[in-house]
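User: I am new to this structure and would like to go through it by question and answer. Please show it first.

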Amino acid sequence: MSIDLVKELNSEQAKAAANINGPSLIIAGAGSGKTRMLTYRIAYMLEQGIQDREILALTFTNKAAKEMKERISELTKGNYKHITATTFHSFGLGLLKQYIQYLGYKNNFTVYDTNDNTSLLRNVIVTLGYDLSNYNISSLLALFSDIKCERHKEIQNKDSALEEIYNEFIATQKAYNVVDFDDLILLPIKIFEKRPDVLNIVQERYKYILVDEFQDTSLLQYKFITLIAKKYQNIAVVGDDDQSIYSWRGANYQNIVNFEHDFPTLKEFKLERNYRCSGNILEAANTIITHNEKRKEKKLWTEDSKGSQIYVTSNEDEEEEAYYIAQHIKDRSRKEGLAYSDFAVLVRTNGLLSKLETALMENSIPTQVSGGQSFFDRKEIRDLLCYLKVIVNIDDDVSLLRIINTPRRGIGRVTIEKLRQHADKKKTSLFDALSDFAYAADAPVSGKTKEALKNFVQMVIGWQNLAENNQKASLLSTIIDDISYREKLHEDYPDSPKSVDYKMQSLEFLRQRISRYEKSNPDTSLRDYLNLVMILGEENSDVEKGKVNLMTMHAAKGLEFNTVYLAGIEDNIIPSSRALEENPANIEEERRLFYVAVTRAKKELTITYCENRKDRMGENHLCLPSRFIEEIPNQLISNKVAGEEETSTEDKLAALSAMLEKLRKK
DNA sequence: TCGTAAACTTTTTTT
DNA sequence: AAGTTTACGA
């Protein structure tokens with residue numbers, strides 16, 4: 001391998017790629033060839049004799065991590081398999097797997113996602129005798145996360161009830177032997193602080209560090225990465241303050257300033273040449289973002305031609321909008337010979353996805369939706385995952401509670417309450433209490449209930465044995481059989497055998513996934529898989545060829561498409577009214593989000609908004625076009641429709657039949 | 001303990 | 001509007 005940076009990259013890119021020793025701060029504008037630069041940088045490092053296992057590349061999202069891995073492996077022809085390219089969270093998980101026992105956790109810990117945390121917090125509040133209706137669980141979880149991550153010093157006004165709930169919540173997580181997403185970053189830091197020897201091992205292992213999407217790192221993540229980089233100082237951070245869109249979950253682009261302060265010997269690079277967007281789109285983006293006051297000065301430029309204008313269209317309501325876009329994509333792809341995968345429809349919120357998805361489907365346009373309800377959030381999947389989680393970590397009471405009477409096996413509210421009291425008194429897990437009741441002569445339950453408990457305990461123990469014998473995929477089938485899950489589904493959906501089949505099919509997908517994982521990672525455990533699933537979520541199906549991409553603006557970051565539709569560009573949606581209510585200064589982040597959305601388009605951009613729209617309570621509201629549309633210079637906007645020409649008879653027929661179908665449904 | 005009906009509640013964005 | 005949670009009677 002011989003790398004000629006100057007030949008492959010522009011001069012700024014080449015300088016950034018070549019500066020592999022010491023700290024670097026690389027400001028990389030949208031579409032400035034950042035990933036290309038990073039990939040070459042890594043290739044160059046390897047050529048300079050740096051060991052692949054010494055390189056750590058951290059990104060923020062799974063998508064970005066996956067893409068980086070692929071690009072590196074392409075460029076280095078699949079040699080150098082030991083580069084660590086992953087997200088902060090999975091890297092943290094890996095560290096915990098190795099070292100969590102230093103913090104007094106058992107090493108069979110499992111990961112809790114937001115769903116699990118929600119159930120846990122509800123349980124805690126009820127157990128402590130408070131009234132659930134006085135608390136908003138999600139905002140409480142957000143507050144607790146702030147406290148845990150030291151974004152908030154302490155509970156306001158020393159609210160003693162809240163303090164009690166917080167302390168109990170944290171203590172219960174530990175008692176259940178579970179960690180949440182925050183812990184995946186926080187606990188490794190605690191380990192580093194407690195055990196300098198561990199920190200040293202990690203520092204020696206990862207001598208070259210790279211952080212992508214640096215503007216999205218939280219203070220905690222910054223602390224985490226700085227600890228590791230402190231020793232060798234070979235750290236490159238790459239980011240763009242204009243694309244910071246995650247401040248609501250602790251991302252702090254002030255980290256760029258912190259970095260300048262903490263690594264005074266850094267070299268700074270700015271990539272401002274844009275290779276992605278045509279001239280008009282880039283000019284619109286540049287103009288929009290200058291309305292933000294708090295930003296690092298930069299101006300993207302391109303040698304590309306102006307290209308087409310930006311199309312702005314209004315529709316009567318969200319249904320019209322969806323059909324308009326679907327119809328339009330069909331036209332464009334046929335006339336321009338574009339593949340469906342060249343198109344993307346981007347929206348502000350997940351809730352806007354479903355109408356669009358239906359419209360695309362009804363026009364038989366193949367669609368790839370990312371975001372929305374994840375595979376792993378489906379009820380049947382969660383049910384079975386909870387079975388697996390209990391088998392792996394018997395202390396996990398939240399998961400146990402979910403499965404204890406699903407399907408119904410005669411262990412109801414009353415019994416569960418008795419079990420909890422017993423567990424509380426004896427300071428054991430709920431499962432221990434269960435076994436006690438199942439076998440003790442004087443258990444305060446009826447003979448029938450006792451039989452049910454005994455059965456359940458025996459099943460779980462049987463599954464645990466199977467799990468130890470390492471047949472993860474077949475274990476899942478065994479559980480489904482043992483608990484008669486198909487029959488349960490039939491009871492739940494007595495008049496829809498179709499949805500039963502569909503759900504059973506989902507479970508079959510899950511089984512296949514586990515078995516695939518089992519094959520490609522023969523030496524890892526079921527627990528590893530479960531933990532991975534919690535933070536990986538949906539297995540990123542490869543950017544599918546021939547499908548229109550439908551997703552949120554957040555999910556689109558880092559991606560690019562020939563033709564982009566931005567739907568629902570109305571005030572209250574973007575900028576989001578909720579964000580502005582919370583703090584008027586949030587307008588800048590909303591604008592950055594819009595900027596990110598606009599800069600996804602390479603050749604053509606269409607913006608649509610509606611005259612009215614139903615909110616999620618089903619009420620109709622008038623809407624106004626987003627104020628951000630006015631920030632686009634007038635001469636860049638066309639009120640014509642992209643590729644406006646005659647519609648073919650064929651298309652008119654198709655539109656007509658789609659309309660009929662719609663009517664027939666109503 | 002279970003089934004049905006009524007009541008209630010939705011964070012915008014994700015690991 | 002849709003989904004889940006609670007309430008009550010059998």
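User: How many residues of domain 1 are in contact with how many residues of domain 3?

Analyst: This is a predicted model, in which local features need pLDDT of at least 70 and side-chain atom pairs count only at pLDDT 80 or more, while totals for chains, interfaces and linings use all residues. Residues are numbered from 1 along each chain as its sequence is written, chains are lettered from A and ligands numbered from 1 in the order in which they are written, and side-chain values use heavy atoms, with hydrogens and water left out. Chain A includes domain 1 (5-96 + 184-273) and domain 3 (289-373 + 544-664), with bounds from an automatic or database domain assignment. Counting contact as heavy atoms within 4.5 Å, the residues of domain 1 and of domain 3 that touch number 25 and 24 respectively.

User: How many salt bridges does the rule find across the interface of domain 1 and domain 3?

Analyst: A salt bridge requires a side-chain nitrogen of Lys or Arg within 4 Å of a carboxyl oxygen of Asp or Glu. The side chains of R273 and E303 form a salt bridge, at 3.5 Å from N to O. Across the interface of domain 1 and domain 3, the salt bridges found by the rule number nine.

User: Which residues are the closest to DNA strand B?

Analyst: A residue is near the strand if one of its heavy atoms lies within 4 Å of it, and 26 residues surround DNA strand B. Of the strand's atoms that come within 4 Å of the protein, sugar and phosphate account for 52%. The closest residues are R348, N350, R408, T415 and R578.
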